[in-house]
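Q: I am new to looking at protein structures, and I would like to learn how to read one step by step. Could we go through this one together?

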Amino acid sequence: MSAFAILLRRDLAILLPGGARGSAFLPLIFFLLVAVLFPFAVGPEPSLLARTGGGVLWVAALLASILPLDRLVAADRDAGVFDQLRLRGISEEVAMTARLIAHWLSFGPLILIATLPASALLSLSGPTFWRLLASLLAGTPGLAAIGLMIAALLASLRGGTALAGLMLAPLAVPLVIFGAGHLARVDMSGALFAGAFSLVLCAIAPFAAAAAIRAARD
């Protein structure tokens, strides 16, 4: 088995629900709580919920992606895991690529599954639900990539979760614009733009996160 496969299996065992670091269900719970509470805030009018619900769920997905960041990189950095990998000839870029995939798998599919009951709670129509699902599928890998870069940058700071949220939100604005904007369009352009932006972020994230880890070590 390759070093990358071993790292990916380890990261999945840690980050997936039931893993060693726990709290994997927090993004899912937060996402569903937003869908439950939003009608109480604006009223139960179905037309209003249908008009605003898709955008609210996109913002909920953005905020939910912040919750796992405090356990994403800092614990392994403090334990010297990346130093040990370096001594074994495994670069930080390889480790961060595996971490990025595991990070998205730890929250992305759960949010996509939760989109169905959340859409029902917010009275979204069938076509709107499918557009929302497509835009989240295209955009959540980008959220994971931004989160990984920020987690690596703030790994040496204690209590950096609040700062991570402040950094992630503005960086994710293009994803939210394209993803939420896709709900009002009949073509796939919004989801395609969100997917393209996610691909760029996923290509950059392992190198940026690895550079941040090396800078913190030096």
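Q: Let me start with a single residue. Where is leucine 37 found?

A: Happy to help! Keep in mind that this is a predicted model. Leucine 37 sits in helix 2.

Q: Is leucine 37 buried or exposed?

A: The general idea is to look at the relative accessible area, where over 50% counts as exposed and under 20% as buried. Leucine 37 has a relative accessible area of 51%, so leucine 37 is exposed.

Q: Which residues make the nonpolar surface patch of about 850 Å²?

A: That patch is made by Phe25, Leu26, Ile29, Leu33, Val36, Leu37, Phe40, Leu67 and Leu121. Helix 2, residues 26-42, supplies the largest share of the patch, with six residues.

Q: How should I read leucine 33: buried, exposed or partly exposed?

A: Leucine 33 also belongs to helix 2. Its relative accessibility is 45%, so leucine 33 counts as partly exposed.

Q: Now for the inside. Which residues touch the most other members of the largest nonpolar core?

A: Here you look for buried nonpolar residues joined through their side chains. In this model the largest such core has 67 residues, and those touching the most other members are Phe31, Leu57, Val73, Met96, Ile146, Leu148 and Leu168. Helix 7, residues 126-153, gives this core its largest share, 14 residues.

Q: Could we zoom in on one of them? Which residues is leucine 57 in contact with, leaving aside neighbours within four places in sequence?

A: Leucine 57 is in contact with Phe31, Ala35, Ala118, Ser119, Leu122, Leu124 and Leu132. Phe31 appears in that list, and Phe31 is also among the core residues that touch the most other members.

Q: What about a residue with a polar side chain? Is threonine 115 buried or exposed?

A: Threonine 115 lies in helix 6, residues 92-121. With a relative accessibility of 0%, threonine 115 counts as buried, because buried means under 20%.

Q: What lies 2.8 Å from a polar atom of the side chain of threonine 115?

A: The backbone oxygen of isoleucine 111 does. Not counting residues up to four places away in sequence, threonine 115 also touches Phe31, Phe129, Leu132, Leu133 and Leu136.

Q: I have heard of salt bridges. How many are there by this rule?

A: Side chains of opposite charge can pair when their charged atoms come close. In this model the count comes to eight salt bridges. One of them is formed by aspartate 78 and arginine 77, with 3.6 Å from N to O. Aspartate 78 is partly exposed because its relative accessibility is 41%, and arginine 77 is partly exposed at 28%.

Q: Which residue forms a salt bridge with glutamate 93?

A: Arginine 214 does, and the closest N and O atoms are 2.9 Å apart. This pair links distant parts of the chain: arginine 214 belongs to helix 10, residues 189-217, while glutamate 93 belongs to helix 6, and the two are 121 residues apart. Arginine 214 is partly exposed, with 24% relative accessibility, whereas glutamate 93 counts as buried at 18%.

Q: Which residues are joined into one network by salt bridges that share partners?

A: The network contains Arg10, Asp11, Asp76 and Arg99. Within this network, aspartate 11 and arginine 10 form a salt bridge, their closest N and O atoms being 3.3 Å apart. Aspartate 11 is buried, with a relative accessible area of 1%, while arginine 10 is partly exposed at 30%.

Q: And what does the side chain of arginine 99 make a polar contact with?

A: The partner is the side chain of aspartate 76, at 2.5 Å. Arginine 99 is in helix 6, and its 4% relative accessibility means that arginine 99 counts as buried.

Q: One more feature, the backbone angles. What is the phi of serine 123?

A: Serine 123 has a positive phi of about 60°, although it is not a glycine. Serine 123 is placed in the loop between helix 6 and helix 7. Its relative accessible area is 32%, so serine 123 is partly exposed.

Q: To return to where we began, how many residues apart in sequence are leucine 37 and arginine 214?

A: They are 177 residues apart in sequence, and their C-alpha atoms are 42 Å apart in space.

Note on methods. Residues numbered from 1 in each chain as written. Predicted model: local features only at pLDDT ≥ 70, side-chain atom pairs only at ≥ 80, totals over all residues. Heavy atoms only, no water. Core = buried A, V, L, I, M, F, W, Y, C linked by side-chain atoms within 4.5 Å. Buried < 20%, exposed > 50% of the residue type's maximum accessible area, 1.4 Å probe, protein only. Helix = DSSP H or I, 4+ residues; strand = E, 2+ residues; numbered from the N terminus. Contact = heavy atoms within 4.5 Å. Polar contact = N/O pair within 3.5 Å; in protein donor to acceptor, adjacent residues only side chain to side chain. Patch = residues over 30% accessible without salt bridge, like charges linked within 9 Å, V, L, I, M, F, W, Y side chains within 5 Å. Areas by Shrake-Rupley, 256 points an atom, 1.4 Å probe, with all protein chains shown as cover. Salt bridge = Lys/Arg side-chain N within 4 Å of Asp/Glu carboxyl O.
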